[in-house]
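Please read the following walk through one structure with the sequence and the coordinates at hand. The text begins with the fold of one chain, moves to an interface, and ends with local backbone features.

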Amino acid sequence: MEFSRRDTLVLGLGAAVATVLPFRAFAAADEAIAAFTGGAEMGAGGITLTAPEIAENGNTVPISVSAAGAASIIVLASGNPTPEVATFNFGELAGSQDAATRMRLAGTQDVIAIAKMADGSFVKASSTVKVTIGGCGG
Amino acid sequence: MASGVKPRVKAPKKAAAGEIVTIKTLISHKMESGQRKNKDGSPIPRSIINRFTCDFNGKNVIDIEMAPAISTNPYFQFDAMIPEAGDMVFTWHDDDGDVYSTTKSIAIG
Amino acid sequence: MKIKALTAIAAVLLSAPTFVAADENAELIVNGEIEIVTKTAAPAHLAGALDEILSGWRFRADETQSLQTDDFDNPAMIFVDQGMDDWGTVDGSEGKSCASCHGDVEESMAGVRAEYPKWNDTAGEVRTIAQMVNECRTDRMGAEAHGYTSAKMARMEALISVQSRGMPVNVAIDGPAADMWEQGKEMFYSRTGQLELSCASCHEENYGNRIRSDHLSQGQINGFPVYRLKNAKLTTPHGRFKGCVRDTRAETYSPGSDDFVALELYVASRGNGLSVEGVSVRN
């Protein structure tokens with residue numbers, strides 16, 4: 001079968017859609033959030049979550065969190081088989097309430113960061129990270 | 001230390017009293033998530049480092065609870081306040097009970 | 001339904017790119033001091049084929065690129081540390097370590113990686129670093145050879161590679177190495193396998209394009225050994241070649257074989273002028 005230009009372009013667009021893994025979200029993330037906050041309301045603002053818009057590789061995704069005045073920050077991956085990623089508990093000699101790490105993402109999903117502030121209140125930030133399929137495994 | 005597990009830490013050799021310094025830590029560890037399967041389909045059990053701590057002269061800088069979603073060869077970057085000269089102790093706690101540790105001395109100057 | 005291989009590839013490559021951002025003008029400086037040349041004029045032997053050569057670093061996302069800027073951000077450095085431990089560890093019947101003969105690795109191995117693969121007069125053939133390491137181990141240390149693409153060999157290559165970091169790749173393609181170089185060149189341009197692809201099909205004719213969402217590079221090896229994010233460990237050139245050839249659905253070659261030594265010599269020479277980056281971080 002010879003491919004016309006139209007066929008090739010249609011195939012190409014289909015392939016583009018297929019390179020981004022489908023969005024994932026599971027209820028377990030809500031439970032993990034409730035365990036951290038005790039069901040308390042979460043405000044917005046006062047917490048920054050930095051994550052790439054598109055992850056080069058889902059196996060190693062650099063992220064960082066920052067929430068001045070926080071006692072601890074939890075990071076969750078709402079679309080992973082288990083949502084917990086890490087909980088950063090800042091000690092008395094912490095130089096800031098910033099931390100960075102590298103995480104695994106099973107597919108395109110929201111990464112969520114929630115800070116427990118010194119006064120017991122909670123603030124939340126989230127970021128959608130697209131995870132793609134590469135062409136060359138090797 | 002269990003074989004093959006090696007920490008690598010960036011900490012300054014000296015700081016001014018009260019200075020805030022950036023610490024970077026890496027450790028070689030597979031972080032077997034428990035999601036992978038053997039060729040015969042049976043699951044490979046989880047085996048990760050589940051906690052990392054950094055203390056300076058006995059006071060805590062940071063204490064991180066780690067889950068299987070932390071990538072292989074876990075990396076952390078954070079800031080520490082250095083009030084005086086002393087030893088910064090880093091520990092990594094393995095699911096299997098091993099604790100890996102390294103210490104960096106920081107002088108004031 | 002018979003689909004022409006090239007048209008099928010074209011269909012995939014034409015897909016609207018899901019963009020992994022990379023800053024076109026970024027330069028790589030390691031630890032604030034080692035300047036790494038990641039883009040330069042192509043060497044003379046590539047006249048007509050390529051004007052400019054680009055390190056694989058330039059094709060990766062910003063976040064991936066930044067992992068190489070600091071030796072404490074670069075996950076591959078833990079393996080360099082392990083290689084350093086191996087360097088000083090006695091192994092084999094002769095009771096020697098690498099250090100027993102080679103002393104300080106920073107002195108004895110400076111500039112070595114930049115010239116390999118290289119003609120070896122005593123051996124009468126072109127040698128790779130891995131072959132030299134194993135010859136030392138078996139003939140002079142009385143130790144077992146490392147698996148050619150094993151973790152132990154990869155970290156020794158990583159340790160040796162770092163001693164040439166920032167130096168320009170400079171492999172000889174003339175004189176006694178010429179025959180092997182020609183063999184490697186022929187392999188690079190030969191179409192093989194079910195998809196009838198040659199190395200050049202992707203890495204010379206289509207670098208910069210996407211294959212699904214992967215950003216195709218020129219296939220340079222100045223960055224090897226490389227820490228691949230996808231499996232979080234070090235990969236060596238023959239290890240990568242083997243996988244690449246297999247991915248084009250061709251029968252792949254054996255690491256350490258003459259075929260791959262020839263290919264490594266040729267591919268290394270395509271990067272003459274780029275800085276040795278090893279150890280690098282890629283997808």
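**Chain A and its surroundings**

Among the contacts in chain A with a separation of 6 or more, 66% are between residues 24 or more positions apart. The model is predicted, and the values given here are computed from it. Chain A has two helices and nine strands. Read from the N terminus, its elements follow the order α-α-β-β-β-β-β-β-β-β-β. Of the 138 residues in chain A, 50% are buried.

One part of this chain can be followed strand by strand. Strand β5 of chain A covers residues 70-77 and pairs with β6(A) in the antiparallel sense, over five bridges. Between β5(A) and β6(A) runs a hairpin connection of six residues. Within this pairing, A:Val75 has A:Ala86 of β6(A) as its bridge partner.

Strand β6(A) also has a partner in another chain. It pairs with strand β5 of chain B, residues 59-66, again in the antiparallel sense and over five bridges. Two positions show where the strands meet: A:Phe88 has B:Ile64 in β5(B) as its bridge partner, and A:Asn89 stands opposite B:Asp63 in the strand β5(B). Strand β6(A) is thus paired with β5(A) within its own chain and with β5(B) across the interface.

How many residues of β6(A) are buried? Five of the seven are, so this strand is largely enclosed by the rest of the structure. The cut-off behind this statement is a relative accessible area under 20%.

**The interface of chains A and B**

The strand pairing is part of a wider contact between chain A and chain B, to which chain A gives 26 residues and chain B gives 29 residues. The two chains bury about 2200 Å² between them, and 50% of this area lies on carbon and sulfur atoms. Three residues, A:Leu93, A:Arg102 and A:Arg104, supply 34% of the area that chain A buries against chain B, which is more than any other three residues supply.

What kinds of polar interaction link the two chains? Between chain A and chain B there are 20 residue pairs in polar contact, counting pairs with both residues at pLDDT 80 or more. Salt bridges across this interface number zero under the rule applied.

On the side of chain A that touches chain B, β6 (84-90) and β7 (94-103) each supply at least two residues. Strand β7(A) gives the largest share of that side, with nine residues. Sorted by class, the side of chain A that touches chain B holds 11 nonpolar, 10 polar and five charged residues.

**Local backbone features in chains B and C**

Chain B has a residue with an unusual sign of phi in the stretch leading to the strand that pairs with chain A. B:Asn57 is not a glycine, yet it has a positive phi of about 50 degrees. It sits in the loop between β4 (49-56) and β5 of chain B. Is B:Asn57 buried, exposed or partly exposed? With a relative accessible area of 34%, B:Asn57 is partly exposed.

In chain C, C:Ala232 likewise has a positive phi, of about 55 degrees, and is not a glycine. C:Ala232 is found in the loop between β9 and β10 (233-235) of chain C. Its relative accessibility is 5%, so C:Ala232 counts as buried.

Chain C also contains cis peptide bonds. One joins C:Phe224 and C:Pro225, with omega about -5 degrees. C:Pro225 belongs to the loop between β8 (214-215) and β9 (226-228) of chain C. Another cis bond runs from C:Gly278 to C:Val279, with omega near 15 degrees. C:Val279 is placed in the loop between α12 (258-270) and β11 (280-282) of chain C.

The last element to look at is helix α3 of chain C, residues 77-87, which is mostly covered, with eight of its 11 residues buried. The buried residues of α3(C) include a run from C:Met77 through C:Ile78, C:Phe79, C:Val80, C:Asp81 and C:Gln82 to C:Gly83, together with C:Trp87.

Methods:
Residues are numbered from 1 along each chain as its sequence is written. Chains are lettered from A and ligands numbered from 1 in the order in which they are written. This is a predicted model: local features need pLDDT of at least 70, side-chain atom pairs count only at pLDDT 80 or more; totals for chains, interfaces and linings use all residues. Side-chain values use heavy atoms; hydrogens and water are left out. Contact means heavy atoms within 4.5 Å. Buried area is the accessible area (1.4 Å probe) that two parts lose on being put together, summed over both. A salt bridge is a side-chain nitrogen of Lys or Arg within 4 Å of a carboxyl oxygen of Asp or Glu. A polar contact is a pair of N or O atoms within 3.5 Å; within protein, one must be able to donate a hydrogen and the other to accept it, and residues adjacent in sequence count only if both atoms are side-chain atoms. Helices (H or I, at least four residues) and strands (E, at least two) are DSSP runs, numbered from the N terminus. Ala, Val, Leu, Ile, Met, Phe, Trp, Tyr, Cys and Pro count as nonpolar, Asp, Glu, Lys and Arg as charged, and the others, Gly among them, as polar. Two strands pair if DSSP finds at least two bridges between them. Buried means under 20% relative accessible area, exposed over 50%, partly exposed in between (1.4 Å probe, protein chains only).
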